[in-house]
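Student: I should like to look closely at one helix of this protein and at the core around it. Could you take me through that part and then place it in the whole model?

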Amino acid sequence: MAGMKIFTSLLCSALAVSGPTISPQNTPDTMEKSPVFPIIQDHSVEGGSSLVVSGVYVPGFDINFDGVFDSTDVELIKSAREKKRIEEEEKRQQQIAAEEKVAKEEAERKAAEEASTIQLTVTEPPVMQSPQTAEQEIQSLDTEMHGVDVSRWQGRIDWNRLKAAGVEFAMIKAGEGTEVERNFYANINGAKEAGVYCGVYWFSNAHTYDEAIAEANACLEVISQYQLEFPVVCDFEYRSLKNNPLADSRKDLTDALIGFLGTIENNGFYSMLYTNTDFSGKYLEFSRITEKYDIWFAGYSVDKPGMPCGIWQYSETGVKDGIDIDNPNVGQTKVDLDIAYKNYPQIMKDLHINGY
């Protein structure tokens, strides 16, 4: 028994290093009467058995159990070793592929981070401490500028006639929620062709901070192709408060509106809030907004604005030639009238914002 163990051990060591060989003195023909030594059956090889040592197949003498060790056993040994080699090579290739995939993903992640950083650098607007600072640095208007604000309710507009009626600028509704306003493109293209200065407003129905950001991004998608001489306005009014959790918290509503305004500003546009005295006093932490952003103030039947503002909407019952030209009843369709107190076209050019 001891001799058999020693012999088997020596054979295993030899085969693990160099594989099975047959010397001229010990060919299969001279080994017909070779003794058969059974070994531990760890791995079957086509009817025979073998032992795995350090990941290499080490066969017994009689692989196919036909009573002799001959050329058939040798081929089985070679086949088993080749199978093992192929398996190891496949594992190695899989490992290489996995490492390459990880390296590629890491490179793509770094590239995305760098691109994001570059994009932020490109889209970040010029430093503007506050609209008040901008007003001090830029010459104010010698005279007031008169304008209108329009939406689909003003129907089809003849912008040349409107300009001839004394309209110098227009605040055009661009959308609501996350949807573009039906007449927006016709209005802004017509106004620009007629030489009327343009600003836009976006009606917000946001119920959360995230919804306000989504609305601002929707607005940016719509207006990004245009140069605007007047601000981009967030318009949040009483009807947006219905069944709205933001109505219960001045802080949360203010946070949402600042989120909207900041998103517009961070993408290179001059942002502004539309409001009135009652709404701003009841529902907003108003000083947080006015310390940085201009106000478009709505106040009627008064001889001056009820708060400091860049634009004053002083009438909601204006009549202007060129409004709703398909309506045979001239003057039936009313339009809001506005006065601008800042030289917004010059501000945009000097600060290189709003597409300038």
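Tutor: The account below begins with the whole model, then turns to one helix, its core and a few further residues.

This is a predicted model, in which local features need pLDDT of at least 70 and side-chain atom pairs count only at pLDDT 80 or more, while totals for chains, interfaces and linings use all residues. Residues are numbered from 1 along each chain as its sequence is written, and side-chain values use heavy atoms, with hydrogens and water left out.

The pLDDT is the predictor's confidence in each residue, from 0 to 100. Its mean for the protein is 80, and 72% of the residues reach 70 or more. Over residues 1-60 the pLDDT is below 50, and this stretch has 80 contacts beyond near neighbours in sequence; a contact means heavy atoms within 4.5 Å. Residues 116-139 also have pLDDT under 50, with 32 contacts beyond four places in sequence. Where pLDDT is low, the predicted coordinates should not be read in detail.

The protein has 10 helices and 12 strands. These are DSSP runs numbered from the N terminus, with helices (H or I) of at least four residues and strands (E) of at least two. Of the 356 residues, 42% are buried; buried means under 20% relative accessible area, exposed over 50%, and partly exposed in between, with a 1.4 Å probe and protein chains only.

The helix to examine is H6. Helix H6 has 15 residues and reaches 21 Å from its first C-alpha to its last, close to the 21 Å expected at 1.5 Å a residue; the expected span is 1.5 Å times one less than the number of residues. Its buried residues are Ala212, Glu215, Ala216, Ala218, Cys219, Leu220, Val222 and Ile223. They pack against several elements, including strand E5 (169-176), helix H5 (184-194), strand E7 (197-203) and helix H7 (250-266).

The largest nonpolar core has 54 residues, and Trp159, Ile172, Phe184, Ile223, Leu228 and Leu273 have the most contacts inside it. Helix H6 (residues 209-223) gives the most to this core, with 7 residues. A nonpolar core is a set of buried Ala, Val, Leu, Ile, Met, Phe, Trp, Tyr and Cys residues joined through side-chain atoms within 4.5 Å. Leaving aside residues up to four places away in sequence, Ile223 touches Ala174, Phe184, Val200, Leu228, Val232 and Phe269. A second, separate core of 18 residues includes Phe169, Phe230, Tyr270 and Ile353. In soluble globular proteins, nonpolar side chains tend to be buried together.

Cys219 of this helix is buried, with a relative accessible area of 0%. The closest cysteine sulfur, in Cys234, is 9.0 Å from the sulfur of Cys219, which is too far for a bond. The structure holds 0 disulfides, a disulfide being a pair of cysteine sulfur atoms within 2.5 Å.

Strand E10 offers another buried site. Asp294 lies in this strand (residues 294-298) and counts as buried because its relative accessibility is 4%. Its side chain makes polar contacts with the side chains of Lys342 (3.0 Å) and Tyr344 (2.6 Å). A polar contact is a pair of N or O atoms within 3.5 Å; within protein, one must be able to donate a hydrogen and the other to accept it, and residues adjacent in sequence count only if both atoms are side-chain atoms.
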